[in-house]
Amino acid sequence: QYVNVAVPSRQTGNQYNARLDYNLGEKDTISGLIYITKFTQTGADSSTGSQPMADVTMSPLNSATTLLWNHTFSGSMLNEARANFTRYAFNQVLSNPNVNWGIPRLEVQGFPFGRLYFGAPRAETTPGIFAENTIGFNDVLTQVVGRHTLKYGVDLNREQDNNNLLGGARPDIVFQYPWDLANDAPIFEAINVNPLNGGPRTAQSYFRTTGFRMCLQA
């Protein structure tokens, strides 16, 4: 039978900003900035007939913290220092307590109208456990010499990607017809495994990247 199903989707988000400026004296100014964004999105999977067990919630948290320090040496020399920390993180296992990630994604094909799907969507990043950090430092000295303006600077960046692609360890199993499903005879299976022993692949990754730059501008 053909039926109409609802495909509800909910999105909520809040953004918070704060800034504090403080003068240490005539030559020094310190500023602190904080930026936080909290976003939550829940969507139904129409391919499963909007079954509640396939509703997946995405709830990332973005934050950025910046510290500025400006020091005036003289009327012709100014130093600007900046340090910042940004973070992007979410955990779909914790944000989806009603989803049973232990159930494989099942597909039954061979119907004239398409496929039948069971279970939550499957992808490398579903469920995703991400924690990505960026740490930066920048210092620029500006000096006026006669008719020329000179700038000396250094820039440091450190990136940390602590991502867990655990979604690939969940099987995706495809059957050609309903009787193949009843006989447990799939025609296609997908899962991430360790090629050395056939066991589960290590999904946790720790990537580190460091950048360094010096510049002179006249």
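Start with the whole protein chain, whose elements run β-β-β-β-β-β-β-β-β-β-α-β-β from the N terminus. That gives 1 helix and 12 strands; helices (H or I, at least four residues) and strands (E, at least two) are DSSP runs, numbered from the N terminus. This is a predicted model, in which local features need pLDDT of at least 70 and side-chain atom pairs count only at pLDDT 80 or more, while totals for chains, interfaces and linings use all residues. Residues are numbered from 1 along each chain as its sequence is written, and side-chain values use heavy atoms, with hydrogens and water left out.

Keep the C-alpha trace on screen: along its principal axes it spans about 85 × 45 × 30 Å. The radius of gyration of the protein chain is 26 Å, whereas a compact globule of 218 residues would be near 17 Å (taken over C-alpha atoms; the globule rule is 2.2 Å times the number of residues to the power 0.38). Of the 218 residues, 27% count as buried (under 20% relative accessible area; exposed is over 50%, partly exposed in between; 1.4 Å probe, protein chains only).

Next, select strands 7, 6, 10 and 11. In that order the 4 strands form an open sheet with mixed pairing; two strands pair if DSSP finds at least two bridges between them. Strand 7 (114-118) and strand 11 are the edge strands, each pairing on one side only. Neighbouring strands of this sheet are turned by 15 degrees against each other on average, direction ignored (axes are lines fitted to C-alpha atoms, for helices over the stretch in contact, and angles run from 0 to 180 degrees between N-to-C directions).

Walk across the sheet from strand 7. Strands 6 and 7 run antiparallel and are joined by 4 bridges, with L106 opposite F118 in strand 7. Strand 6 (residues 105-111) then pairs with strand 10 in the parallel sense over 4 bridges; here V108 has F175 as its bridge partner. Strand 10 and strand 11 (residues 188-190) run antiparallel with 3 bridges, and D172 is partnered by A190.

Stay on strand 10 (residues 172-175) and show side chains. D172 and V174 on one side and I173 and F175 on the other are all buried, so both faces are covered.

Finally, select Y16, I34, I36 and L61, which make a nonpolar surface patch of about 340 Å². Patches are made of residues with over 30% relative accessible area and no salt bridge: like charges are joined within 9 Å, nonpolar side chains (Val, Leu, Ile, Met, Phe, Trp, Tyr) within 5 Å. A salt bridge is a side-chain nitrogen of Lys or Arg within 4 Å of a carboxyl oxygen of Asp or Glu. Y16 lies in strand 1 (residues 9-23) and counts as partly exposed because its relative accessibility is 48%.

Note on methods. Accessible areas come from the Shrake-Rupley method with a 1.4 Å probe; for residues, only the protein chains shown count as cover.
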